[in-house]
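Reader: I have a structure in front of me and would like to learn how to read the contact between two chains. Where should I start?

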Amino acid sequence: MAANLGFGSLVIAFLLAVYSSVAGCMGGLKKRAVLVESGRLGLVLIFPLVSLSIGCLIYLLLNGRYEIQYVYSVVSNDLPFYLRITALWGGQAGSLLFWSFLLAGLSVLITNNHWDRDIEFLPWVISVLGIVLAFFISLSVFVENPFVRFWELPDGSHLASMMMPAGATIYQADNGNGLNPLLRHPGMVFHPPLLYLGFVSFVIPFSFAMAALITGRTDDRWIRLTRRWSLMAWLFLSLGLILGARWAYDVLGWGGYWGWDPVEISAFMPWLTGTAFLHSVVSQEKRGLFKRWNIILIILTFDLIILGTFLTRSGVLSSVHAFSQSAIGPLFLVFIALTFGVSVGMLLWRWNDLQSENQLTSLFSRESVFLFNNLIFISLFIVCFWGVVYPVISDVFTGQKVTVGPPFYERATAPLFAAMLLLMGIAPLTAWGHSTARTLGKSLIKPLLVAVLILIIIAASGVQSPGALLGFGLVSLVVTVTFYEYGRGVHIRSQQTGEPVLLSGIKLAGRNRRRYGGYIIHLGVVMMALGIIGIELFQTETQGTIARGQSLKLDDLTISFRDLAVFDTHDGRNIARAVVNIKQGDNVIGEIYPRRDYYYESQQPVTVPGVISTFAEDIYVILVDWQSISLQGATFKVYHNPLVKWLWLGGFVFILGTLLASWPDLTLDEERIIRMVIRHGPEEFFK
Amino acid sequence: MKNRAFLFSFLFLLVLIIGIQPAYAQQPTPSDDRVNKLAREIYCPVCENTPLDVCPTKACAQWRELIREKMTEGWTDRQIKDFFAEQYGDRVLAEPPLTGTNWLIYILPPSGFLLGLWLVFRVFFTGRKITPEEGISDSTVSSPVLNASETNRVEEELIRYKKR
């Protein structure tokens, strides 16, 4: 019943999506508001229908209805309640349905906006959203149906099918396969939905860009209307990536957070082009520049999102043969080719109308720095794209399987990341329009001197690696420039208005939240850079087999093996848990418990590291092996990861900055309230 | 004379033995750290994108032991890597070797960057050629009042607004 209801509502949702895209398009062409409104209502109705479908699937997951193929593949009897819900995105069919659900929800939000003078965009936005929704829902209906059931045929064999074969009865297994143990970590519980929300939100600016091309509105209206959507998309994509990194650090047990895996990179690529887009659109808003380029960037970001979903879902990365085994790969590829071809065609059609309203006048202006920023992000994107795609090309055309691993990416991206930090250090001091090397140099000299002083102190403390010194120097530059620029603004405002410094600081940031939110994001990035420099350049490790009571040495650390216990749990795991003492010099700094969990059902081991984490360093211990009979000896791998905590802390600051940047600027009423709070004190004001 | 010839022959043989033998001589058993250092540069032939040093499967543990054995036998890192590549194909190497069409992987990204750099400078170059007489003025960019194109945009927006 629930399966039929879920599938039925999906079929109707698919038909509605097709109708909406056609009605929006016809309404736009014939200028018939009734058709447009009908298309809009159709689009709005998709959300409750897909929600009903998702609701049915969650019901089936919660109740362990193993006659449903998807439920059987991701749920088992011992799976806790919350993991049964997250199993919704634990497999391919569920995550595609979840994609449609998120896009349908955002479509309701965007089409219920007050459109007023932008009503001419509406039919085309409806049409584009309808097309994307129709594609994704069609995948769920025709290819990756999450409601397919197992049937027992009269001859005793089993078959998975949506419709009942002749003479068959429903077959329900006693237990399911269960969720992949690696996906049971909190980071993995939230990582996919956030990443998907980021993916899906970028469809909104894309749909407006297409509407702008079709209607011929060559101004920056589409950018202004979707600024918050783009920021929101970027926020969720960033959060998804950070959580994914944290998951890798906690669960994969290799002492790192980023392995340049093709699946990671396919989520990173739209982030790179999206970041370039967010910077570049400011130049269009402020000076009417780079109109064509901004359209190219959003087309690229949109298709990279579809490509990202395709790469992770088609299996093509592990083997090109997986591509032909399921219809999903070719369908994705056709959709990417069509959307890319049509949108580039439309861009070429409007090419002459999209000329810049101004020209670049100085190599040192803000818009020039943004242009160089775009060059760096696009270069990073090319490295990533080529690194992911080349093994597939090599396999298809030469039959030669190759791996493009971290050494390639690290060598190619390190100079680009350094250049990015340098630009972040310069950008806040540049001005729009005219800016000469002399004016830039004049404002750069003071923070540069401070940064050099900091660097000398770092060098004097014993850091000798040229790469680390360059990294720390750039980090110091960005931090000093950011604080210097903000402090200078606060000082000027405070002098001009006579306001107290604190009030000036709040009002300055409140009046231009995008700019100062951007500065906080930059500070978050340099904090993350600190963590990356720490782990990439200063990580040390050792591995050894020791008996109970013996120790391993690494740097100034002593890692002592105290005890080991092996036991079964009620949720189907066999756990080997070691007790390890850590001493730094002569001081005991803690006791940790590295584990190896073995999941009986999936026959899969999961390494759970023991970690002591401070702002200075992480001590990360993995239980590699043990002698199961005597329990006397065990093999440990120990990583000493300096500064890595700054990576996660930087992630928080980064997210805070994005929230501030996407918040509407202060109104006069808000300013008045802040002034009163500061003047009278919060207790007095709120009493 | 005979003795000298014998001595030379003996020394020659000694040099040969000392010079050649070390490559195959039995070495002390290498530590886990030494094995892991090389295993990091070799990828698991059956798992997806997993270097041998961190791969948790039994097969990978056996391959790490194989590395240790080869090291004990005196093989160099290069020889061990070549052995794995010969046995399981180039996919076990962290980077494609510079053979066949693989040079494309190393050439394309820097070429892309240089092309981008050229395009950026071209934007500057062509931008500077436009004179104010041609209709686009940049003289009011830093001014708080609207420049010509911004005024046009405001007027366009107003006309659009009045139409409704």
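Author: Start with a salt bridge, meaning a side-chain nitrogen of Lys or Arg within 4 Å of a carboxyl oxygen of Asp or Glu. Here the side chains of Asp53(B) and Lys637(A) form one, at 3.9 Å from N to O. This is a predicted model, where local features need pLDDT of at least 70 and side-chain atom pairs pLDDT 80 or more, while totals for chains, interfaces and linings use all residues; side-chain values use heavy atoms, without hydrogens and water. Residues are numbered from 1 along each chain as its sequence is written, with chains lettered from A and ligands numbered from 1 in the order written.

Reader: How many salt bridges are there between chain B and chain A?

Author: The count is three. Helices H2 (32–39), H5 (103–129) and H6 (148–163) of chain B each give two or more residues to the side that touches chain A; helices are DSSP runs of H or I, at least four residues, numbered from the N terminus. H5(B) gives the largest share, 15 residues.

Reader: How many residues does each chain bring to the contact?

Author: Contact means heavy atoms within 4.5 Å. Chain B brings 47 residues and chain A brings 54.

Reader: What area do chain B and chain A bury between them?

Author: Buried area is the accessible area (1.4 Å probe) that two parts lose on being put together, summed over both. For chain B and chain A that is about 4,500 Å², with 55% on carbon and sulfur atoms.
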